[in-house]
Amino acid sequence: MKLLLRLFGTIHAALALLFAGICIMLLVIAVRICWDAVVGGLDLAGSLALIEAMGITAVAVVALQISQTITEEEVIRGVNVSAPTRVRRFLSRFVVVIVVALAIEGLVATVKALHEDPTMLPYA
């Protein structure tokens, strides 16, 4: 049983590293989009690019938060989530991160719809 729990801990650590790596790649993409917007001139297209970079950065934050949560709950503590307080803390933290990211993505979609195709605004 100890071997199985150690295997689960190793798998969780690998998943946390994967999420952290995805976060870094997303941040690199967001920085590149920002750089291209600045070099291309800060006009309407540049502002849309910056808003898109903000959405990508929000997704990167979600990936990093998921990585941190997996690391704290499954790798460092090394115990199964059983206490109701820990479960509530874990779920509330996860839900808050997801809700904030969705709100930012909704803002990005609304601004893009306003500038690109106003008929798509109800879908944003």
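Visitor: In this predicted model, what share of the protein chain's contacts with a separation of 6 or more comes from residues 24 or more positions apart?
Guide: The model is predicted. The contacts considered here are those in the protein chain with a separation of 6 or more. Residues 24 or more positions apart account for a share of 63%.

Visitor: Which elements does the protein chain contain, and in what order do they run?
Guide: The protein chain has zero strands and three helices. Read from the N terminus on, the order of its elements is α-α-α.

Visitor: What is the radius of gyration of the protein chain, set against that of a compact globule of 124 residues?
Guide: The C-alpha trace spans about 60 × 30 × 15 Å along its principal axes. For a compact globule of 124 residues, a radius of gyration near 14 Å would be expected. The protein chain has 19 Å.

Visitor: What percentage of the 124 residues is buried?
Guide: The protein chain exposes about 8,300 Å², and carbon and sulfur atoms supply 75% of that area. A residue is buried when its relative accessible area is under 20%. Of the 124 residues, the buried ones make up 23%.

Visitor: How far apart are the mean positions of the positive and negative charges?
Guide: The protein chain has 9 positive and 9 negative charges. The distance between their mean positions is 21 Å.

Visitor: Is Ser67 buried or exposed?
Guide: Ser67 belongs to helix H2, which covers residues 44-76. Its relative accessibility is 6%, and the cut-off for burial is under 20%. Ser67 therefore counts as buried.

Visitor: Which residue's backbone oxygen lies 2.7 Å from a polar atom of the Ser67 side chain?
Guide: Not counting residues up to four places away in sequence, Ser67 touches Phe19, Ala20 and Ala16. The backbone oxygen that lies 2.7 Å from a polar atom of the Ser67 side chain is that of Ala16.

Visitor: How far is the backbone oxygen of Gln65 from a polar atom of the Thr69 side chain?
Guide: Thr69 is in helix H2 and is buried, with a relative accessible area of 6%. Leaving aside neighbours within four places in sequence, Thr69 has contacts with Phe90, Arg93 and Glu74. From the backbone oxygen of Gln65 to a polar atom of the Thr69 side chain, the distance is 2.8 Å.

Visitor: What separates the C-alpha atoms of Glu73 and His12?
Guide: Glu73 is another residue of helix H2, and it counts as buried at 1% relative accessibility. Along the chain, Glu73 and His12 are 61 residues apart. Their C-alpha atoms are separated by 9.6 Å.

Visitor: Which residues does Glu52 touch, not counting residues up to four places away in sequence?
Guide: Glu52 also has its place in helix H2. At 32% relative accessibility, Glu52 is partly exposed. The C-alpha atoms of Glu52 and Leu107 are 10.0 Å apart, with the two positions 55 residues apart along the chain. With residues up to four places away left out, Glu52 touches Ile33, Val108 and Lys112.

Visitor: How far apart are the C-alpha atoms of Val100 and Ala30?
Guide: Val100 sits in helix H3, residues 84-116. At 44% relative accessibility, Val100 counts as partly exposed. Val100 and Ala30 are 70 residues apart along the chain, and the separation of their C-alpha atoms is 18 Å.

Conventions
Residues are numbered from 1 along each chain as its sequence is written. This is a predicted model: local features need pLDDT of at least 70, side-chain atom pairs count only at pLDDT 80 or more; totals for chains, interfaces and linings use all residues. Side-chain values use heavy atoms; hydrogens and water are left out. Helices (H or I, at least four residues) and strands (E, at least two) are DSSP runs, numbered from the N terminus. The radius of gyration is taken over C-alpha atoms; the globule rule is 2.2 Å times the number of residues to the power 0.38. Buried means under 20% relative accessible area, exposed over 50%, partly exposed in between (1.4 Å probe, protein chains only). Contact means heavy atoms within 4.5 Å. Accessible areas come from the Shrake-Rupley method with a 1.4 Å probe; for residues, only the protein chains shown count as cover. Lys and Arg count as positive and Asp and Glu as negative; His and the chain ends are not counted. The place of a charge is taken as NZ of Lys, CZ of Arg, CG of Asp or CD of Glu. A polar contact is a pair of N or O atoms within 3.5 Å; within protein, one must be able to donate a hydrogen and the other to accept it, and residues adjacent in sequence count only if both atoms are side-chain atoms.
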